[in-house]
Amino acid sequence: MSLYTAVSIILVFIALLASYRLFVGPSVYDRLVSLNVVGVIITIILILISVETDLGLYLDIALSFVMLDFVGTIALVKYLEGGEFV
Amino acid sequence: MIVNVISLLLISLGCVMMFTAALGLLRFSDIYMRLHASGKAGTGGTIAILAGILIRIGLTQISGKIILVMVFILFTGPIISHSIGRAAHVHSGATDNVPFHDVNPDEDDERGDEDDN
């Protein structure tokens, strides 16, 4: 087992620990914070897969995932906040 | 040899920081405390893990995109934390009777009348 696989397994368990707030969070903002952390961990795991298997394809997926995660979180926050969409 | 040691230290530090962020997210009692845990420790742990990977693989073809992801996470993490904290603060009703003019610019006149009364 290489280093990248071990770090990926550790990060999967950390994501499971962080996703507790995603399922039983009291408010919707707790779920958003947890979703942000889980998305960042998924990005790191994609980069680790890319470095391990030497495929540059996963890096493009990671970059797209980060950008879509950011835009989706901002859109959800603007929707929940109410008022006008900028 | 020294490159391996430095990258291992950075990756271990990043894993510990991500675990700290998850633990703070799990154990803290308020939405602002959870933002405090995930906003700093999450972004810092991500930067540390990606910097460790960068040092380990050297300057190859794929390291430019890793630097791009690093810079993007470094820029967007505080923006997301600020947005969630601001939305939670507005949603909690703490800004209903105080002049918080940036919330909803259309209701500034009504707020001014309420302040006069």
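**Two helical chains in contact**

Colleague: In chain B, what share of the contacts with a separation of 6 or more is between residues 24 or more positions apart?

Modeller: For chain B that share is 58%. Keep in mind that this is a predicted model.

Colleague: How many helices and strands does chain B have?

Modeller: Chain B has four helices and zero strands. Read from the N terminus, the order in chain B is α-α-α-α.

Colleague: And what part of chain B is buried?

Modeller: Of the 117 residues in chain B, 31% are buried.

Colleague: Over to chain A. What are its elements, from the N terminus on?

Modeller: The run in chain A is α-α-α-α, with four helices and zero strands in the count. Of its 86 residues, 38% count as buried. Pairs 24 or more positions apart make up 37% of the chain A contacts with a separation of 6 or more.

Colleague: What is the radius of gyration of chain A, and what would a compact globule have?

Modeller: Chain A has 15 Å, where a compact globule of 86 residues would have a radius of gyration near 12 Å. Along the principal axes, the C-alpha atoms of chain A fill a box of roughly 50 × 30 × 10 Å.

Colleague: How many residues does each chain put into the contact between A and B?

Modeller: Chain A gives 35 residues and chain B gives 34. On the chain A side, helix H1 (3–18), helix H2 (20–24), helix H3 (28–53) and helix H4 (57–81) each supply at least two residues. H3(A) brings the largest share of that side, with 14 residues.

Colleague: Which classes of residue are on that side of chain A?

Modeller: The side of chain A that touches chain B has 24 nonpolar, eight polar and three charged residues.

Colleague: What about the largest nonpolar core, how many residues does it have?

Modeller: The largest nonpolar core has 48 residues. Those with the most contacts inside it are A:Val37, A:Ile41 and A:Ile47 from one chain, and B:Met18, B:Ala21 and B:Ile84 from the other. H1, H3 and H4 of chain A each supply at least two residues of this core, and so do helix H1 (2–27), helix H2 (31–57) and helix H3 (63–91) of chain B. The largest share of the core, 13 residues, comes from H3(A).

Colleague: Take A:Ile41 then. Which residues is it in contact with, leaving aside neighbours within four places in sequence?

Modeller: A:Ile41 is in contact with A:Leu11, A:Ile14 and A:Ala15, and across the chains with B:Met18.

Colleague: Next, H4(A). How many residues does it have, and how far does it reach?

Modeller: H4(A) has 25 residues and reaches 36 Å from its first C-alpha to its last, close to the 36 Å expected at 1.5 Å a residue. A:Gly82, which follows H4(A), has a positive phi near 80°.

Colleague: Which residues of H4(A) are buried?

Modeller: The buried residues of H4(A) are A:Tyr58, A:Leu59, A:Ala62, A:Val66, A:Asp69, A:Thr73 and A:Val77. Their cover includes H3 of chain A and H3 of chain B.

Colleague: One more residue. Where is A:Asp54?

Modeller: A:Asp54 is in the loop between H3 and H4 of chain A. Although A:Asp54 is not a glycine, its phi is positive, about 60°.

Colleague: Is A:Asp54 buried or exposed, and why?

Modeller: A:Asp54 counts as exposed because 10 other C-beta atoms lie within 10 Å, and the limit for exposed is 12 or fewer.

How values were computed: Residues are numbered from 1 along each chain as its sequence is written. Chains are lettered from A and ligands numbered from 1 in the order in which they are written. This is a predicted model: local features need pLDDT of at least 70, side-chain atom pairs count only at pLDDT 80 or more; totals for chains, interfaces and linings use all residues. A residue is buried if 20 or more other C-beta atoms lie within 10 Å of its own, exposed if 12 or fewer, and partly exposed in between; C-beta atoms are placed from the backbone. Two residues are in contact if their C-beta atoms, placed from the backbone, lie within 7 Å. Ala, Val, Leu, Ile, Met, Phe, Trp, Tyr, Cys and Pro count as nonpolar, Asp, Glu, Lys and Arg as charged, and the others, Gly among them, as polar. A nonpolar core is a set of buried Ala, Val, Leu, Ile, Met, Phe, Trp, Tyr and Cys residues joined through C-beta atoms within 7 Å. The radius of gyration is taken over C-alpha atoms; the globule rule is 2.2 Å times the number of residues to the power 0.38. The expected span of a helix is 1.5 Å times one less than its number of residues.
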